[in-house]
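Me: I would like to go through this structure and ask, for each label, what justifies it. Please keep to values and cut-offs.

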Amino acid sequence: MEYERKVIETADGSKTLFVPAMNEQYHSLNGALTESDYVFLEKGFRRHPSQTPKVFEVGFGTGLNALLTALEAEKSMRTTYYATIEKYPISNEEIQYLNYGNLLSPRANEIFHAIHKADWEKDVQISEFFVLNKIKADLKTCTFRNDNFFDLVFFDAFGPDKQPEMWQDKVMSKIFQLCSGGAIFVTYSAKGEIRRRMEASGFRMERLPGPPGKRQMLRGSK
Ligand SMILES: C[S@@+](CC[C@H](N)C(=O)[O-])C[C@H]1O[C@@H](n2cnc3c(N)ncnc32)[C@H](O)[C@@H]1O
């Protein structure tokens, strides 16, 4: 099912998408950029010791997590492979309204557009330090050939209350399989039930302070 989306502004001035039918948005209203940087970069990407990290993202959406990771990869000179899955890619019109590049830097703008122009289902060299593979598929039904491959998982599905099927044990076990030893899993959700499911899948879980407006978030390690 495709769904209607509206572009809205969040508290730090960055835009996000709102889905009226679900009453859910792609990022926190307290700041899309701020949340993304905190949950996925600060508590995830910057914490993994690999100089050649491989990242798997659930929900490519606006491409904001991919953009911030590409910028960080360049800054820290870590050669990064970034695979991201999305069932409902956004439109070119929606992309035009997303202002992350304008808020960050001309370089960010350039990378943001390269990320969106990249072909799907292919490894695409976006910059010296960032290779992107966008997968148009449904996480629940797709199968992967790369067990024990990814060093980081950015689990950025819609919330467990809004899209519970994305947070099922079966999906979590599939994600666990994809992870290498020492992999870090991060998500903005802090629900006890999700924590227990992740633990049942094999992750060692911890609760961390959350981004602005959220008391806590979850991080797991394999
Ligand atoms: C919270 S938003 C993602 C935010 C995104 N990481 C960003 O930075 O914009 C959740 C995303 O998951 C996608 N999604 C929903 N169901 C999916 C499924 N079954 N498989 C893959 N992606 C799905 C949605 O279309 C949406 O883009």
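Reply: This is a predicted model. In it, a nitrogen atom of the ligand is 2.8 Å from an N or O atom in the side chain of Asp 138. Of the ligand's 600 Å² of accessible area on its own, the protein covers 99%.

Me: Why is the pair at Asp 138 called a polar contact?

Reply: A polar contact requires a pair of N or O atoms within 3.5 Å. The ligand atom is a nitrogen, and its partner in the side chain of Asp 138 is an N or O atom at 2.8 Å, so the pair qualifies.

Me: What makes Glu 57 and Gly 59 polar contacts of the ligand?

Reply: The side chain of Glu 57 has an N or O atom 3.0 Å from a ligand nitrogen. For Gly 59, a polar backbone atom is 2.6 Å from a nitrogen atom of the ligand. Both values are within 3.5 Å, so both pairs count.

Me: Which residues surround the ligand most closely, and how is the shell composed?

Reply: The shell has 23 residues, the closest being Tyr 3, Gly 59, Thr 62, Glu 86 and Asp 156. By class, 10 are nonpolar, seven polar and six charged. The space that the ligand takes is the largest pocket.

Me: How do you know that strand 10 and strand 11 pair?

Reply: At least two bridges are needed. Strand 10 (residues 204-209) and strand 11 (residues 216-221) have six, in the antiparallel sense, so they pair. One of the bridges joins Pro 209 to Gln 216 in strand 11. The two strands form a hairpin with six residues between them, and Gly 213 in the turn has a positive phi of about 90°.

Me: Why is the sheet with the order 1-2-3 called open?

Reply: This sheet has three strands with antiparallel pairing. Strand 1 (6-9) and strand 3 (24-25) are at the edges with a single partner strand each, so one side of each has no neighbour in the sheet. Strand 1 is joined to strand 2 (residues 15-19) by four bridges, and Lys 6 has Phe 18 as its bridge partner in strand 2.

Technical notes. Residues are numbered from 1 along each chain as its sequence is written. This is a predicted model: local features need pLDDT of at least 70, side-chain atom pairs count only at pLDDT 80 or more; totals for chains, interfaces and linings use all residues. Side-chain values use heavy atoms; hydrogens and water are left out. A residue is near a molecule or strand if one of its heavy atoms lies within 4 Å of it. A polar contact is a pair of N or O atoms within 3.5 Å; within protein, one must be able to donate a hydrogen and the other to accept it, and residues adjacent in sequence count only if both atoms are side-chain atoms. Accessible areas come from the Shrake-Rupley method with a 1.4 Å probe; for residues, only the protein chains shown count as cover. On a 1 Å grid over the protein atoms alone, a cavity is a set of points where a 1.4 Å probe fits but cannot get out, and a pocket is an open set with protein on both sides within 12 Å along at least five of seven lines; lining residues have an atom within 4 Å of a point. A molecule sits in a cavity or pocket if more than half of its atoms lie within 2 Å of its grid points. Ala, Val, Leu, Ile, Met, Phe, Trp, Tyr, Cys and Pro count as nonpolar, Asp, Glu, Lys and Arg as charged, and the others, Gly among them, as polar.
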